[in-house]
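Student: Please take a close look at how charged side chains pair in this model. Go through the pairs one by one.

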Amino acid sequence: MRTVLAGTASFFLALGLATSGHAGSRAEEILQRFENANQWRDHVMVVAHRAGGLQDGKRRFAENSIAALRDAIMLGAEMVEIDIRRSADGELIVMHDSWLDRTTDCKGEVLGYTMTELRKCRLAVEGTGDVTAEPVPTLRDYLSVARGKILVNLDNKLETADLVDMVALARAMEMEEQVVVKANLWSAERVATVKATMARVGRGFQFMPIMADDAVRDPAFVAAAGKAFAADAVEMIAWRGDTEKMTDTGGPLFSAKVKAAAVRGNWHIWVDTHAIVNKPGGYLSGGRGDELAVAAGFPNEVFGFWAERGATMIQTDEPRAAINWLAANGYRVPYAEVAKPVASVAGQAAAELSGQPTN
């Protein structure tokens with residue numbers, strides 16, 4: 001495993017997976033592809049944004065919910081992205097906004113509620129307004145369901161120093177190899193600062209740089225940053241301004257030189273096709289985002305476009321549509337282990353969190 005500040009890769013591969021109880025699991029199969037990009041350039045991995053809770057016009061699941069996580073696992077997504085905050089009494093929870101109003105049936109700031117009080121709040125499906133039976137999940141809840149099945153990308157909504165507790169929790173659960181953390185990089189000074197911070201977090205976890213083409217355009221910097229962190233993936237942002245036309249090249253971070261750097265460094269090129277609130281479609285992907293792929297019905301101009309420009313990881317609000325199209329068009333290589341169907345109803349998830357028996 002090429003984990004940040006992990007010493008030798010072989011040591012942590014042997015120590016991490018051999019002792020974690022995940023040997024032969026779906027997570028191990030995914031890790032093998034994640035950590036060996038050059039062996040899997042013919043396979044595009046799918047990352048479910050906010051666990052895939054914004055699918056189908058935000059109508060299927062509550063975002064960042066256990067129900068959405070279960071669906072992503074059932075679909076065969078390789079990773080889910082979730083957002084981390086704290087309760088008033090310091091518990092790490094999965095929640096995007098600093099306020100509860102949009103995503104739950106409660107009102108007010110997250111920091112105004114203890115974990116006991118948050119357990120009484122129920123997640124809501126944004127597109128329909130339906131309130132589910134699922135309470136606000138803790139990070140521990142979430143990792144427990146993900147264990148051995150899928151990788152988890154933590155979008156830290158707290159201070160960088162809070163990563164220490166997040167990684168410590170994953171380590172205590174013997175899941176640090178399944179957890180990916182990330183930070184924006186744009187200069188040599190920033191690389192040094194983040195590297196020093198990561199050293200304080202500890203060893204044995206995955207770190208991913210994020211780069212945006214409004215600040216990073218030099219392939220040499222991309223290559224150097226990837227090497228500095230022994231990255232397995234680099235998240236690329238191809239900005240789309242409010243009046244710019246749809247990209248026809250992918251921009252500077254999807255150039256031939258960057259693709260060559262990815263091959264030399266053996267890391268994945270990651271693109272974001274998911275939407276941003278109050279921004280035009282494809283704001284993070286040069287106009288070629290989920291809206292064009294699903295709402296407008298042109299998946300080839302999104303999923304196909306980015307795959308042909310070297311992206312081997314796509315973060316999307318539409319994991320079902322992405323996986324189905326990529327598989328049908330030769331961009332997915334089947335796994336040896338086929339995941340069993342997993343119930344994704346919010347009621348079952350809520351029952352499990354509360355300790356009640358489920359069918």
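Tutor: Relative accessible area sorts residues into buried (under 20%), exposed (over 50%) and partly exposed (in between), using a 1.4 Å probe and protein chains only. Arg-102 has 28%, so Arg-102 is partly exposed. This is a predicted model, where local features need pLDDT of at least 70, side-chain atom pairs count only at pLDDT 80 or more, and totals for chains, interfaces and linings use all residues. Numbering starts from 1 along each chain as its sequence is written, and side-chain values use heavy atoms, without hydrogens or water.

Take Arg-102 further. Its side chain meets that of Glu-63 in a salt bridge (a side-chain nitrogen of Lys or Arg within 4 Å of a carboxyl oxygen of Asp or Glu). The N to O distance is 2.9 Å. Arg-102 sits in the loop between β3 (92-94) and α5 (115-118), and Glu-63 in the loop between α3 and α4, so the pair ties together parts 39 residues apart in sequence. These elements are DSSP runs numbered from the N terminus: helices are H or I with at least four residues, strands E with at least two.

Now stay with Glu-63. Its relative accessibility is 7%, so Glu-63 counts as buried. Glu-63 also forms a salt bridge with Arg-50, at 3.2 Å from N to O. Arg-50 lies in the loop between β1 (45-48) and α3 (55-58), and Glu-63 in the loop between α3 and α4. The pair therefore ties together parts that are 13 residues apart in sequence. Arg-50 is buried too, at 10% relative accessibility. So Glu-63 pairs with Arg-50 and with Arg-102; Glu-63 is buried, as is Arg-50, whereas Arg-102 is partly exposed.

Widen the view. A network of salt bridges links Arg-50, Lys-58, Glu-63, Asp-97, Arg-102 and Glu-126. Both pairs just described, Arg-102 with Glu-63 and Glu-63 with Arg-50, join members of that network.

One further pair is Arg-60 with Asp-56. Their side chains meet in a salt bridge, with N and O 3.7 Å apart. Arg-60 has a relative accessibility of 30%, so Arg-60 counts as partly exposed. Asp-56 is also partly exposed, at 32%.

For the whole model, the count by this rule is 16 salt bridges. Among them are Glu-63 with Arg-50, Arg-60 with Asp-56 and Arg-102 with Glu-63.
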